[in-house]
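Open the model in a viewer and keep the selection panel at hand. The stops below go from strands to helices and end with single residues.

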2 protein chains.
Amino acid sequence: MAKKDSGKPDGPKGAQKPLSPLLRVPPGGRVGLAAVRADATPAGPAGKAAGVAATAGMAERLGSLQERLYAASTAGDRRRVLLVLQGMDTSGKGGTVKHVIGLLNPSGCRIKAFKAPTPEERNHPFLWRVRKALPQPGEIGIFDRSHYEDVLIARVRELVPRSQLGGRYAQINRFERSLADDGVTLVKVFLHISYEEQRKRLLERLDNPEKHWKFAPGDIEERSVWPAYQEAYELALERCSTDAAPWFVVPADRKWYRNWAVGKLLLEHLEDIAPQYPKGDFDVEECRARLLAT
Amino acid sequence: MAKKDSGKPDGPKGAQKPLSPLLRVPPGGRVGLAAVRADATPAGPAGKAAGVAATAGMAERLGSLQERLYAASTAGDRRRVLLVLQGMDTSGKGGTVKHVIGLLNPSGCRIKAFKAPTPEERNHPFLWRVRKALPQPGEIGIFDRSHYEDVLIARVRELVPRSQLGGRYAQINRFERSLADDGVTLVKVFLHISYEEQRKRLLERLDNPEKHWKFAPGDIEERSVWPAYQEAYELALERCSTDAAPWFVVPADRKWYRNWAVGKLLLEHLEDIAPQYPKGDFDVEECRARLLAT
């Protein structure tokens with residue numbers, strides 16, 4: 001089964017079942033988040049210890065594929081990855097960057113955390129700031145929040161007229177399709193936590209003075225409209241999970257599963273890309289002789 | 001000796017001798033690179049195994065200080081770090097980013113690799129592209145090459161008239177001083193390798209097809225003017241090692257020492273900054289009560 005230098009794994013790992021089809025939101029399908037247990041561990045390792053070990057065990061393969069992706073770009077390959085992380089407050093977007101993206105070579109990662117839009121950003125179409133933060137060929141881009149905020153908080157808090165909001169889903173799909181046409185593999189991940197788990201995590205932030213900087217009283221107001229956010233997420237997942245840019249729902253109440261699952265999704269997509277080291281366009285023997293003469 | 005929450009290390013680590021004074025180029029001093037052994041390991045661990053372990057052992061402390069630095073910025077602290085990496089081809093700038101910056105949380109790092117200037121960049125003053133890549137408050141910025149190329153390759157290859165070049169050292173010093181005034185701790189590192197080690201590393205790139213993408217025949221031409229580069233580095237180190245922005249010479253023939261030394265320099269500077277978690281500006285008890293009611 002293993003091919004030489006194909007960028008595919010060989011050995012027993014190749015026999016593992018892929019996770020992507022299991023977590024992917026089928027294009028055109030309905031999404032009912034209430035029916036998805038946030039503490040589930042579909043296809044995951046047996047428990048926390050095994051999960052942490054399995055995630056660490058992905059580092060070498062991830063790093064190797066990342067280096068090939070980058071190397072290929074130096075010879076004109078425009079392919080790259082964009083990992084989009086969305087989820088309610090405390091769902092672990094930052095923790096995922098730390099623990100999963102932390103396994104990669106930082107020089108090939110382009111990370112952008114989107115906050116509330118600045119006045120300048122508000123004066124531009126909502127995709128303007130997103131276009132400026134895209135990964136370059138060979139890079140792995142990571143969005144901590146994204147253009148989806150413009151159909152999430154924008155919907156729940158009625159920041160734009162409903163008519164304008166309605167058009168954004170199609171705009172997003174066209175935008176993402178155009179990215180895919182340009183070599184971007186989109187991996188959009190919704191980190192799904194439960195209402196109870198969020199309370200627990202917010203309380204932890206309150207109870208630990210070293211975590212106060214992560215807390216804002218506004219977080220409690222956002223929580224008070226939890227059902228409206230779940231509905232806004234369902235709509236975004238239903239309308240914007242496409243063949244070109246699918247959404248994945250990752251149960252995120254267990255941090256070790258969340259990290260393992262996002263790492264695995266990233267790994268599977270990199271393996272699909274199967275980037276190759278480019279051939280040198282120079283005469284190796286001639287260069288070696290010249291070098292040895294120095 | 002240990003103070004609670006002071007951001008300083010306690011225990012035996014606090015007793016270690018600092019590395020920074022040992023490697024720092026004294027402001028106004030002369031630099032003779034030929035007299036500095038590139039395979040030396042000043043104040044370093046006893047050997048490779050101990051060095052690799054010591055570097056890995058810094059991860060937790062580095063990560064903790066990095067988080068405090070970032071947390072402080074959310075309350076208005078403008079302090080940040082800018083690590084500048086310079087060195088001849090194959091000196092290990094990329095390897096340092098991978099192995100040392102890879103110990104940190106990638107979301108707090110802003111990495112910029114400077115290539116040959118684009119036509120647009122050439123139409124601007126040489127510091128223009130550098131100003132756009134600076135770390136924001138709370139971040140650790142990393143420059144893989146930097147504005148120093150404009151007094152290095154620019155000098156050796158006579159890309160600008162000598163008169164114009166002469167003014168750049170003072171411009172750089174004013175620029176870096178202004179950064180320091182704005183809360184930037186500059187750590188400028190020259191990765192010092194020997195002529196023989198460079199040959200060995202270039203040969204390795206030629207001998208391994210998976211490393212061909214890192215090689216260009218032009219690397220041999222650059223090597224042919226090695227003495228001119230060493231002189232250009234000596235001038236840059238002499239003229240631009242200031243109190244506000246000192247240069248450090250890191251012997252880099254041994255990769256494990258290079259990684260350990262850069263990690264240690266970063267750690268010592270972060271400990272000097274001693275960033276603190278900010279106090280929350282909210283009523284913890286009131287928030288807890290409101291949260292428990294949800």
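Two strands count as paired if DSSP finds at least two bridges between them. The model on screen is a predicted one.

**Stop 1: the sheet of chain B**

Select β4 (residues 184–192) of chain B together with β5(B). These strands pair in the parallel sense, over 5 bridges. For one position in this pairing, pick K188(B): the residue opposite, in β5(B), is W247(B).

Now widen the selection to the whole sheet. In what order do the 5 strands of the open sheet in chain B lie? The order is β2-β3-β1-β4-β5, and the pairing is parallel. At the edges are β2 (109–113) and β5 (247–251) of chain B, each of which pairs on one side only. From one strand to the next, the twist averages 20°.

**Stop 2: strand β4 of chain A**

Move to chain A and select residues 184–192, which form strand β4. Is this strand mostly covered or mostly open? It is mostly covered, as 8 of its 9 residues are buried.

Add β1 (residues 80–87) of chain A to the selection. β1(A) and β4(A) run parallel and are joined by 8 bridges. Label V81(A) to see one of these positions: its bridge partner in β4(A) is T185(A).

Then add β5 (residues 247–251) of chain A. The pairing of β4(A) with β5(A) is parallel too, and has 5 bridges. Here V189(A) stands opposite F248(A) of β5(A).

**Stop 3: strand β3 of chain A**

Next select residues 140–144 of chain A, strand β3, where 5 of the 5 residues are buried. Rotate the view to look at each face in turn. I140(A), I142(A) and D144(A) are on one side, G141(A) and F143(A) are on the other, and both faces are covered.

Bring back β1(A), which runs parallel to β3(A) and is joined to it by 5 bridges. In this pairing L83(A) has I142(A) as its bridge partner in β3(A). Strand β2 (residues 109–113) of chain A also pairs with β3(A), in the parallel sense over 5 bridges. The position to label there is R110(A), which stands opposite G141(A) in β3(A).

**Stop 4: a helix pair in chain A**

Two packed helices are described by the angle between their axes and the distance between the axes. Select helix α8 (residues 162–181) and helix α11 (residues 226–240) of chain A. Their axes come within 10 Å and cross at roughly 45°. An angle of that size makes α8(A) oblique to α11(A). The crossing of α8(A) past α11(A) is right-handed.

Show side chains for the contact. From α8(A) these are Y169(A), I172(A), N173(A) and E176(A), which meet L235(A), A236(A), R239(A) and C240(A) in α11(A). Colored by class, the residues of this contact divide into 5 nonpolar, 1 polar and 2 charged.

**Stop 5: the helix pair in chain B**

Select helices α8 (residues 162–181) and α11 (residues 226–240) of chain B. They pack at an angle of about 45°, with their axes 10 Å apart. This angle makes α8(B) oblique to α11(B). As α8(B) passes α11(B), the crossing is right-handed.

Which residues make the contact? On α8(B) they are Y169(B), I172(B), N173(B) and E176(B), and on α11(B) they are L235(B), A236(B), R239(B) and C240(B). By class, the residues in the contact of α8(B) with α11(B) are 5 nonpolar, 1 polar and 2 charged.

**Stop 6: two single residues**

Select T96(A), in helix α4 (residues 93–99) of chain A. Because its relative accessibility is 0%, T96(A) counts as buried; the cut-off for buried is under 20%. Leaving aside neighbours within four places in sequence, the residues in contact with T96(A) are L85(A), I101(A), L191(A), R258(A), N259(A) and V262(A).

Finish at A46(B), in the loop between α1 (20–23) and α2 (48–57) of chain B. Is A46(B) buried or exposed? A46(B) is exposed, because its relative accessible area is 84% and the cut-off for exposed is over 50%. Draw a distance from its C-alpha atom to that of R168(B): the two atoms are separated by 41 Å, and the residues are 122 apart along the chain.

How values were computed: Residues numbered from 1 in each chain as written. Chains lettered and ligands numbered in written order. Predicted model: local features only at pLDDT ≥ 70, side-chain atom pairs only at ≥ 80, totals over all residues. Heavy atoms only, no water. Helix = DSSP H or I, 4+ residues; strand = E, 2+ residues; numbered from the N terminus. Buried < 20%, exposed > 50% of the residue type's maximum accessible area, 1.4 Å probe, protein only. Axes fitted to C-alpha atoms, helices over the stretch in contact; angles between N-to-C directions. Parallel < 35°, antiparallel > 145°, perpendicular 65-115°, else oblique. Left-handed = near helix turned anticlockwise from the far one by under 90°. Contact = heavy atoms within 4.5 Å. Nonpolar A, V, L, I, M, F, W, Y, C, P; charged D, E, K, R; others polar.
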